[in-house]
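Here are a few exercises to work through at your own pace. Have a look at the structure first, then try each task before reading its solution.

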Amino acid sequence: MKRLLCLCILACSSYGFSQKEEIPKKFVIDANQFYGSIVLHNPDISHLITDHPGGIILGLSKKRFGNEEWESLYGYPDTGFSFVYQNTNNSTLGDHFGLYAHYNFYFLRRNLQLRVGQGLAYNTNPYDKTENFRNNAYGSHILASTMVMLNYHKENLVAGFGLKAGISLLHYSNANFKAPNTSTNTMAFNLGLTYDLDAEKSYEFIQPETTEKITEPIRYNVVLRSGANESDIIDSGRYGFLILSAYADKRLGRKSAIQFGTDIFFSNFLKELIRFQSISFPELDVAPDTDYKRVGLFVGHELFVNKMSVIAQLGYYVYYPFDFEGQVYNRIGLKRYFGDKVFGAITLKSHGAKAETVEFGIGIRL
């Protein structure tokens, strides 16, 4: 009887394991060479645009086939990592080594690929007041970097090899963590090869089942953001800041929510900037006791992707005692949900194309 029971348990276990759905694993690597130009987005860097930069972009991407609901909602994108080496062909600017997390989105029957990556880059020759004072683009070795590639993309044409060609945009900035920070943008043409590491494997995309539309009441969010930054005055010092945000959001469906709320900014670098201007530039008529705090109202949009989401907000300072880069500000970044209520966020706050800081936040959605 015991032997029979053991046989039954083993049979049931074997059946259970055999019925467990296996998530497909399929990886593609790509190698691209690029050649382009640094875009003159600011006349202050005109002396740094002397030659055409070039380099390589390497990528490792995991294919997605719809095993998770978000994958089919966004057309079965890839997820992966990219490495970029850029030779600026300018000894003052130095070279870049960057590592990125990326998504590949597909269009036109998957012949057009849009890669969006965010990561960190190491610059070999940042500003130094004695050794490299002409480099007003980067004030630090470590830079935040964004990569966008739009390519004609055809995989597995011959023996696992494929082709891709298109344009790339590479942005480097330290988001005013340390001055100077004029930043650079490289626009380039790229040409490359792809190789399917699992060319012998073929999987079908899982078609989504009919799902009910997501409806939620208005939700309320509180976020505390912090970090450190410096004004554009070189060697004025880095100072910590706090931002308290409160906003309401309304879910519009599975992908989107709209937001409306307020920010209170305690930006300590403005204290030093106010003091500096009141002493050094009396013609600006800045009182030394001018309040450094700011209050803004904003509207925003949140795009949900699995446990991650992308946020974009546009704000206006309603309390603005000290003039710094204008009264309109914007914020863009990523959120990561931990459960249903708690989330973390990394966002870039700027005034138009002029970055003020990178914010690290934690919040709750009720």
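**Exercise 1.** Find how many salt bridges the rule gives across the interface of domain 1 and domain 2.

*Solution.* In this predicted model, start with the charged side chains at the interface. The rule finds two salt bridges across the interface of domain 1 and domain 2. Next, look at Asp235 and Lys129, whose side chains meet in a salt bridge with an N to O distance of 4.0 Å. That pair qualifies because the rule accepts a Lys or Arg side-chain nitrogen within 4 Å of a carboxyl oxygen of Asp or Glu.

**Exercise 2.** Count the residue pairs in polar contact across this interface, then describe the side of domain 1 that touches domain 2.

*Solution.* Seven residue pairs are in polar contact across the interface, both residues at pLDDT 80 or more. Helix H2 (residues 69-73) gives the largest share of the side of domain 1 that touches domain 2, namely three residues. By type, the residues of that side are nine nonpolar, two polar and four charged.

**Exercise 3.** Locate the two domains and work out how much area they bury between them.

*Solution.* First, the bounds: the domain assignment gives domain 1 as 26-196 and domain 2 as 217-365. The contact takes 15 residues from domain 1 and 22 residues from domain 2. Then the distance: their C-alpha centres lie 26 Å apart. Finally, the area: the two domains bury about 1500 Å² between them, with 55% of it on carbon and sulfur atoms. Tyr74, Asn176 and Phe177 supply 37% of the area that domain 1 buries against domain 2, more than any other three residues.

Conventions: Residues numbered from 1 in each chain as written. Predicted model: local features only at pLDDT ≥ 70, side-chain atom pairs only at ≥ 80, totals over all residues. Heavy atoms only, no water. Domains from an automatic or database assignment. Contact = heavy atoms within 4.5 Å. Buried area = accessible area lost by both parts, 1.4 Å probe. Polar contact = N/O pair within 3.5 Å; in protein donor to acceptor, adjacent residues only side chain to side chain. Helix = DSSP H or I, 4+ residues; strand = E, 2+ residues; numbered from the N terminus. Nonpolar A, V, L, I, M, F, W, Y, C, P; charged D, E, K, R; others polar.
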